[in-house]
Amino acid sequence: MPNQPLPTLHELEIVRERLKEQIAQIGDLRLGTLSESYRKCGKPTCHCAREGDPKHGPFYLLYRRGKGQKAIGHAIPGKYVEKTREQVAECHRFRELCREYMEISEQIGDLKMKAQGEGLSEPVKKNS
Ligand SMILES: [Zn+2]
């Protein structure tokens, strides 16, 4: 198997510039996950009380972590469901781009040190 040549500093900088451009184009975003649910209203005379009834809905809830890591849901008005779905996807894209940006930046930093004949040491235990 041929060895993949390591990217050069210049190549990494080009990749980082592209990431920067993509990050600059990020639109509205929302934290959380969107979920669709159907519910019973609780009235014993309602159709939803019958076995196998599709229940009321769909309701769209945006879940996010509240205090104590408990997920809290917020209802999304019907006409904003599609927008919210896009915004949640945009948030994921933003995170992914930032993660890549950090990785590339670290590699660039390492290569710059290496070019000066330097580098990070072997792992050192943190003093408590
Ligand atoms: Zn009902």
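This report walks through the fold of the chain, its sheet and its zinc site.

The model is predicted, so to speak with its own ground rules: local features need pLDDT of at least 70, side-chain atom pairs count only at pLDDT 80 or more, and totals for chains, interfaces and linings use all residues. Residues are numbered from 1 along each chain as its sequence is written, and side-chain values use heavy atoms, with hydrogens and water left out.

Let's start with the overall picture. The chain holds two helices and three strands, and from the N terminus on they come in the order α-β-β-β-α. Helices (H or I, at least four residues) and strands (E, at least two) are DSSP runs, numbered from the N terminus. With a radius of gyration of 24 Å, well over the 14 Å that the globule rule gives for 128 residues, the chain is more spread out than a compact globule. That radius is taken over C-alpha atoms, and the globule rule is 2.2 Å times the number of residues to the power 0.38. Along the principal axes, the C-alpha atoms fill a box of roughly 80 × 40 × 35 Å. Just 17% of the 128 residues count as buried, where buried means under 20% relative accessible area, exposed over 50% and partly exposed in between (1.4 Å probe, protein chains only). As for contacts (heavy atoms within 4.5 Å), 58% of those between residues at least 6 apart in sequence join residues at least 24 apart.

Now the sheet. Its three strands form an open sheet in the order 1-2-3, with antiparallel pairing. Strand 1 (33-39) and strand 3 (71-75) are the edge strands, each with a single partner, so one side of each has no neighbour in the sheet. On average, neighbouring strands are turned by 40 degrees against each other, direction ignored. Pairing here requires that DSSP finds at least two bridges between two strands. The cross-strand partners given here are these:

| Residue | Opposite residue |
|---|---|
| T33 | Y63 in strand 2 |
| R39 | H56 in strand 2 |
| R65 | A71 in strand 3 |

Six bridges tie strand 1 to strand 2 (residues 56-65), and five bridges link strand 2 with strand 3. The hairpin of strand 2 and strand 3 has five residues between the strands, and G68 takes a positive phi near 75 degrees there. In the loop between strand 1 and strand 2 sits P54, which is exposed at 61% relative accessible area. P54 is 14 residues from K40 in sequence, and their C-alpha atoms are 9.0 Å apart.

Helix 2 (residues 81-115) lies across strand 1 and strand 2, running at about 30 degrees to strand 2. For such angles, axes are lines fitted to C-alpha atoms (for helices over the stretch in contact), and values run from 0 to 180 degrees between N-to-C directions.

That leaves the metal. The zinc ion has C41 (SG), C46 (SG), C48 (SG) and H56 (NE2) as its protein donors, 1.9 to 2.3 Å away. Donors are N, O and S atoms within 2.8 Å of the metal (3.2 Å for Na, K and Ca); water is not among the atoms, so sites may look incomplete. Along the chain, the donors follow the spacing C-x4-C-x1-C-x7-H. Why is the arrangement tetrahedral? The four donor atoms subtend angles of 104 to 116 degrees around the zinc ion, and four donors count as tetrahedral if all angles lie between 85 and 135 degrees. C48 is buried at 1% relative accessible area, whereas C41 counts as partly exposed at 40%. The donor H56 also ties the site to the sheet, as the residue opposite R39.

Terms used
Tetrahedral: all angles 85-135°; square planar, octahedral: opposite > 155°, others 65-115°.
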